[in-house]
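User: I am new to reading structures. Please walk me through this one, and show me how each label is earned.

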Amino acid sequence: MRRGVIAAIALAAILAAAAGATARSAAHAGTKADTITVWVGWSARELAGFKKVVAEYDSKHPDVNVKVVGGINDDKITAAIRSGNVPDVVSSFTSANVGSYCKSGAWVDLKPFLSKDHLDVNVFPKTSQYYTQYNGKRCALPFLADVYGFYYNKKMFQAAGIKSPPKTMSELTADAKKLTKRNQNGSLKVVGYNPFLGFYAGNAPDLSAYAPLFGAKYTDAGGHSALSKDPAWSRLLKWQKNLVDWYGYKNLQKFNAGAADEFSASHAFEIGKLAMMIDGEWRVAFIQAEHPGLAYATAPAPVDDAKKNLYGAGYVNGTIIGIPKGVKHKDQAWALLKYLTFNAHPLAQFSNLIRNVPTTKESLNSKEIKPDAHFKTFLTIFANPSSKTTPITAAGNAYGTLIQAFAVKWQAGHAGDLHAGLQKLDKQIDAQLKQAQAGGVP
Amino acid sequence: MTETAVTAGAPFTAERRRARHRAAWRRRRLVLMLMSPWIVGFCVFFGYPLVMSVYLSFTHYDLLSSPKWIGWANYKYLFTEDPQVGPAVRNTLWLILIMVPLQVLFAFGVATMVARAKRGVGFFRTVFYLPALAPPVAATMAFVYLLNPATGPVNVILGHLGVNGPLWFQSPQWSKPSLTLLSIWGVGNLMIIFLAAILDAPQQLYESAELDGAGPIQRMRWVTLPTISPVILFSVVISVIAAMQYFTQAYVAANIASGQASQAGDQTVNNLGYPEGSTLFYPVLLYQHGFRFFNMGYASALSVLLLIVAFTVTVLIIRNSRRWVHYAGAVK
Amino acid sequence: MSTASVPVAAGTLVRRKPPWAVRRRRFLVAVADHSLLIVVAIIFLTPFAFIVLTSLMTNEQALSSHLWPSPFRWHNYVDVFREAPIWRWAINTFLYSVLATLGVLCSSIPVAYALSRIRWRGRDLAFATVLIALMLPPVVSVVPLYVMWAKLHLVGNLGPLIIPNWFGDAFSIFLLRQFFLTIPEEYLDAARVDGCGELRILATVVLRLAKPAIAAVALFSFLYTFNDFFLPLLYLRENPSHWVLQIGLSEFRSLHQVQWNLTMAATLLVMAPVIILFFLAQKAFVEGVTLTGVKG
């Protein structure tokens, strides 16, 4: 029995060691240089680019040691903040979540830091200012923006006799049908344009990439959800479903299942299985790295026939970056944040590496930017006044989830009457928002 | 601990009484020491969460600020306004009413066949048990890959046979059947239990039934089934409880399958329940609200509801079982 | 079937190997008898076959509709270790499983003994609590427990996963108790007469007699914690250095843009330890599973 007691104590000691492992390793910092951790969503090549930018900061600031962790998504951010194991600087690709981050205090308010250093947020474009704050509370800063535009395969266009990229949705539909090739058994070999919601980022199932192209408004004057009131949404959904049905819903499903992952080197557009697509500006860097010989061109995305004047606009959002609640090294975190977001040099350098749009006026015009004909299109779209982003709400991106659930059902033909469905969707979005604002459920 | 100190005729001195008290005291101390892990465990890991769940279900709590009392608001939203609860309940019901019977039937069927096999029982037993050992994550990922509608081996082979294979995990109609196929593949645990029980059935009963002229089906109905009915009950109960906690396979399948449909790789989109919410089971919904949206209060309300339902269903099954389960004399 | 070529006493049955034709017919009959079983067995093994085949393909082949790898890329299994920190995940998993299993054994055996071999007031009530805890879906207690661990700042490491196992596991207690009940009282009485205290009896007599049940409990604990995904998902997700194999495997795709050939190789590697353990401890496994069903 004595042996048992000793064994039990030994095991308990091992237990305690296993349980306290992180606690000890976390407290390791603070010897010579303080270690601050930065969480970003990038991975692989893009992460390497970010690390390069940070390395320069690191070398200039011997009092800090910056550790970069990639592959982060919003789930991990929210979980970390709740559990108390937070990094010092955190960034997210889902700018729509800034509403819930600011409102709940998950990301700290940056106004005191900004006023202490006499920094003016007007150096950022208006849209970028919008998606980094909620209700006047600024808890994030923009760090390179994303713009969606149109990519098309020049070789396929030549072969099909199409002279210029489509400017309207009807032109897009016609061109898509011309460029599509099928196999003998009816399955799709080459898809002209894949409108399937959920296929690659351009078809984000919450319709965010298409909304600015149809001039669709999310809310009415009273601030209520307007998906059933603004006819642009019905036009968008009807156009989308018609094209899906022309391809055949199951055929597209099979094509998508057989297509490679979006960020792999066998991306459908890059290997010639897809003739046209709407995608973000980052794709330019991917093609440059993976398929430099691809004969393609970029242009603004086609717009609704009823709103031809919108041509040149696109969907805008971006990476947001901030300081989570519960951070120990607040001042050093802020110093890094300030450097990354306000200085033209890191912005231009990083923009060159991953081909995202720089977010300050100074960096947009910086001489450090390496010119690229493909990339220039996106800078133009970014500057277009009709380019819009999705609304920032107290519920964060939750309304996107509701829209997605409906849109996905709609394109499968399971949603019944479109107008009735949109009205129900509006009610759900309003109810959800009310709960979030009152501090209730979702 | 039995008392061995008392002998007939010995006078009941106060000393004897004290000795007995001391012995009893020692026994109680011993029991306390032996039971202490469970006492702590039950209170901390069962009792406390139960009470806290009920309390939190009446609050709004996001772990960043202290819980805010909102009364019945969570339950009101749950029963009247949440668009996802109905489908989640229906999906879990699907599991209980379709997947569990199929699992039990298949396990029973295979066990019967293996029991009748004269050779290679060990080999067959191994073959059927092996998939049950595969970790659920690994097995699910493998199945999603194998059932890829375009390039997966299953549809390729079906294509060679001239059959246009379904979309499996990409189709809302086929996603739950696909998960059922996965669970049937892993039915080895149940099968071994059935096999042992069938082999245990007393031979005399079979022999006397045969003498009475009973055919194989009648023998099954009147001898096998009643004899192993406790095991059937056990299998049904644990399968139903497992169905009400079904999470890992649904979560992994939705993630992988939606990635196959090539969604944006940075997960800005909520994949749970892919496709079209067909794999959104109740525990998955609970996870979404508790650990994606961090609505701890609402998630607690969901868990309280689950607890009530689970308890009721289990009691119902066990109560109902008295009609058809025969225990071989032993006291339960 | 033994061949008797030694002369034996009259009256004993002498069995000679039947002629080859008869044996072949018997074999074919056996195959026909078991044909359905054989077909089902083959279907059950097919997924494993495809996993192995895919793990030996190149990435492009894995993404296409080819069924047979050509060439055979055995190097995939080396690449898997380069792509992801599999060893670290394995160590974390091992730590979790071993410590949890030890905890289950150390805490459940005393409780089961007290519930089965000692008579005391309130024993039935205590056993009822075990039964109730058995019926509770763990999903229900997840939220408050997470809150508790978060407040203790233990989220992100293996503590929340290991510690509860040191305070009793309802299923193990139940199983052990049922088994302890079958031990004849004579063994224990004999030890008591020899002057052993209760604890000594537990440690020596009972443990030795209950080896199959204890082995079963240990095996199941190990298996359950090795395969566990839900708890690690809750507590370890944002701390990749503490990932266990199941989390790592599920995230293997998003880290490296789904190379299905490597993913299938990783899947096989994750399945391997359990399958190897099974082949080593087959008897204990089957006995254990049977125990749960028959005693349950």
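User: At what angle do the axes of helix H10 and helix H11 of chain C cross, and within what distance do they come?

Analyst: This is a predicted model, so each value is computed from it. The axes of H10(C), residues 185-193, and H11(C), residues 198-209, cross at roughly 155 degrees. They come within 11 Å.

User: Why are H10(C) and H11(C) called roughly antiparallel?

Analyst: Set the angle against the cut-off. Angles over 145 degrees count as roughly antiparallel. The crossing is at roughly 155 degrees. H10(C) and H11(C) are therefore roughly antiparallel to each other. The crossing is right-handed.

User: Which residues make the contact between H10(C) and H11(C)?

Analyst: H10(C) brings Tyr187(C), Leu188(C), Ala191(C) and Arg192(C). H11(C) brings Ile201(C), Val205(C) and Leu209(C). By class, that is 6 nonpolar, no polar and 1 charged. Arg counts as charged, and Arg192(C) is on the H10(C) side.

User: What makes Ala49(C) exposed?

Analyst: Count its neighbours. A residue is exposed if 12 or fewer other C-beta atoms lie within 10 Å of its own. Ala49(C) has 12 C-beta neighbours inside 10 Å, so Ala49(C) counts as exposed. Ala49(C) sits in helix H2 of chain C. Its C-alpha atom is 56 Å from that of Gly197(C), a residue 148 positions apart along the chain.

User: Into which domains is chain C divided, and what separates their centres?

Analyst: Domain 1 covers 20-74 and domain 2 covers 80-295. Their centres, taken over C-alpha atoms, are separated by 34 Å. The contact takes 9 residues from domain 1 of chain C and 7 residues from domain 2 of chain C. On the domain 1 side, helix H2 (35-55) and helix H3 (59-63) of chain C each give two or more residues. H2(C) gives the most, with 4 residues. That side has 5 nonpolar, 4 polar and no charged residues.

User: Which domains does chain A have, and how many residues of each are in contact?

Analyst: Domain 1 of chain A is 28-146 + 317-383, and domain 2 is 147-315 + 392-437. The centres are 28 Å apart, over C-alpha atoms. In the contact, 25 residues of domain 1 of chain A meet 22 residues of domain 2 of chain A. Helix H5 (98-104), strand E6 (141-153) and helix H17 (373-383) of chain A each give two or more residues to the domain 1 side. H17(A) gives the most, with 6 residues. The domain 1 side divides into 12 nonpolar, 8 polar and 5 charged.

User: How many residues does each chain give to the contact of chain B with chain A?

Analyst: Chain B gives 37 residues and chain A gives 42 residues. On the chain B side, H2(B) gives the most, with 4 residues. The chain B side holds 16 nonpolar, 15 polar and 6 charged residues.

User: How many residues does each chain give to the contact of chain C with chain B?

Analyst: Chain C gives 71 residues and chain B gives 75 residues. The chain C side has 51 nonpolar, 18 polar and 2 charged residues.

User: Within what distance do the axes of H4 and H8 of chain B come, and at what angle do they cross?

Analyst: They come within 7 Å and cross at roughly 140 degrees. Among the residues in contact are Phe128(B) of H4(B) and Leu195(B) of H8(B). The contact has 7 nonpolar, 2 polar and 1 charged residues.

Conventions. Residues are numbered from 1 along each chain as its sequence is written. Chains are lettered from A and ligands numbered from 1 in the order in which they are written. This is a predicted model: local features need pLDDT of at least 70, side-chain atom pairs count only at pLDDT 80 or more; totals for chains, interfaces and linings use all residues. Domain bounds come from an automatic or database domain assignment. Two residues are in contact if their C-beta atoms, placed from the backbone, lie within 7 Å. Axes are lines fitted to C-alpha atoms, for helices over the stretch in contact, and angles run from 0 to 180 degrees between N-to-C directions. Angles under 35 degrees count as roughly parallel, over 145 as roughly antiparallel, 65 to 115 as roughly perpendicular and the rest as oblique. A crossing is left-handed if the near helix is turned anticlockwise from the far one by less than a right angle, and right-handed if clockwise. A residue is buried if 20 or more other C-beta atoms lie within 10 Å of its own, exposed if 12 or fewer, and partly exposed in between; C-beta atoms are placed from the backbone.
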